[in-house]
Amino acid sequence: MSSVNKREAILDVAADLLAREGRDAVSTRAVCKAAGVQAPILYRLFGDKQGLLDAVASRGLISYLAEKRAITPSGDPVEDLRRGWDLHVGFGLAEPALYSLIYGSPRPGAEPDGAKQAAEILAGLVHRVALSGRLRVPEERAARVIHAAGRGTTLALIATPEAERDMEAARIVREAVIDAISDPAPTGSTRTGDDVVAGAITLRAALADLKVLSPSESQLLGDWLDRIIDGQKVR
């Protein structure tokens, strides 16, 4: 059996144990026995048990990420953000053990590659809202808020017996978050301070594409826009 085949066999066994019996059942001894390999092979391929779990987590996210990337952008980037949220929650409820493995025990600076890719997709969805002129907070903050609320909501649903899950409460959380970070589609002509901030966020999002500015000019304009967005004053 080639190294690639051994790796896949080990991941298949580990994923099966995780789904059937939970994280504690995924021991190196149990995985090696079920996969028919010696422990040194597992350690050579994955480093240790945590490396194995991270590999299981990343592989398990592939189908979810493929589905999320396949979303055809609509004419409403905020609605696309809703669809992304619903996909995230749906993935967690469909794969509770895998989701808990990925998001239930956070390790700062050591998240699986799949989770990093999911964060990049979320950042892209938020960026589109910013470009539309409807984002009312900085992109990075919006992504952090959405990620934290979505993860917390999904873990809470997983921890609740299926018959008792309140999906309407989850929808309320989703709408509260979206309302907090974005504006509805423009309806009037009256300009407010919030509109100015939203405009600064929009221009900040498009700054990398403004080829008429030199790098130093882009840097300066970015600094000014950040000051407007953060409400800072010159001292």
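This text walks through a predicted model of one protein chain, from its overall build to a few side-chain pairs.

Start with the whole. The protein chain has 235 residues. It holds 11 helices and 0 strands. Read along the sequence, the pattern is therefore α-α-α-α-α-α-α-α-α-α-α, where each α stands for a helix. The C-alpha atoms fill a box of roughly 70 × 50 × 35 Å, taken along the principal axes.

Next, the surface and the interior. Of the residues in the protein chain, 38% count as buried. The chain exposes about 13,400 Å². Carbon and sulfur atoms supply 54% of that area. Contacts tell how the chain folds back on itself. Take those between residues at least 6 apart in sequence. Of these, 70% join residues at least 24 apart.

Now look at one helix. Helix α8 covers residues 139–159, which gives 21 residues. From its first C-alpha to its last, α8 reaches 30 Å. That is close to the 30 Å expected at 1.5 Å a residue.

Which residues of α8 are buried? They are Glu139, Ala142, Ala143, Ile146, Ala149, Gly150, Thr153, Thr154, Leu157 and Ile158. These residues cover an arc of only 165 degrees around the axis, so they sit on the same side of α8. The spacing of such a list has a general background. An α-helix has 3.6 residues a turn, so residues three or four places apart point the same way. The other face of α8 is turned away from the buried side. That face carries the exposed residues Glu140, Arg144 and Ala159.

From here, turn to charged side chains. Side chains of opposite charge can pair when their charged atoms come close. A search of the whole structure finds 13 salt bridges. Three of them are followed below.

The pair Asp12 and Arg59 comes up here. Their closest N and O atoms are 2.9 Å apart, and the two residues form a salt bridge. This pair links distant parts of the chain. Asp12 lies in helix α1, residues 3–21. Arg59 lies in helix α4, residues 49–69. The two are 47 residues apart. Asp12 is partly exposed, with a relative accessible area of 44%. Arg59 also counts as partly exposed, at 27% relative accessibility.

Another salt bridge stays within one helix. The side chains of Asp16 and Arg20 meet at 2.8 Å, N to O. Both residues lie in helix α1. They are 4 residues apart, about one turn of the helix. Is Asp16 buried, partly exposed or exposed? At 38% relative accessibility, Asp16 counts as partly exposed. Arg20 has 53% relative accessibility and counts as exposed, because the cut-off for that class is over 50%.

Stay with Arg20 a moment. Its side chain makes a polar contact of 3.2 Å with the side chain of Glu21. Arg20 also has a C-alpha atom 8.6 Å from that of Ala97. Along the chain, Arg20 and Ala97 are 77 residues apart.

The last pair is Asp86 and Arg174. Where does Arg174 lie? It is found in helix α9, residues 167–181. Asp86 forms a salt bridge with Arg174, and their closest N and O atoms are 3.0 Å apart. The pair links distant parts of the chain. Asp86 belongs to helix α5, residues 77–94, while Arg174 belongs to helix α9. They are 88 residues apart.

How covered is each partner? Asp86 counts as partly exposed, at 41% relative accessibility. Arg174 has a relative accessible area of 13%; it is buried, because buried means under 20%. This salt bridge has company. Salt bridges that share partners join Glu79, Arg82, Asp86, Arg174 and Glu175 into one network.

Finally, the surroundings of Arg174. Leave aside its neighbours within four places in sequence. Arg174 is then in contact with Arg82, Trp85 and Asp86. Two of these names, Arg82 and Asp86, also appear in the salt-bridge network.

Methods. Residues numbered from 1 in each chain as written. Predicted model: local features only at pLDDT ≥ 70, side-chain atom pairs only at ≥ 80, totals over all residues. Heavy atoms only, no water. Expected span 1.5 Å × (residues − 1). Buried < 20%, exposed > 50% of the residue type's maximum accessible area, 1.4 Å probe, protein only. Arc of directions from axis to C-beta. Contact = heavy atoms within 4.5 Å. Salt bridge = Lys/Arg side-chain N within 4 Å of Asp/Glu carboxyl O. Areas by Shrake-Rupley, 256 points an atom, 1.4 Å probe, with all protein chains shown as cover. Polar contact = N/O pair within 3.5 Å; in protein donor to acceptor, adjacent residues only side chain to side chain.
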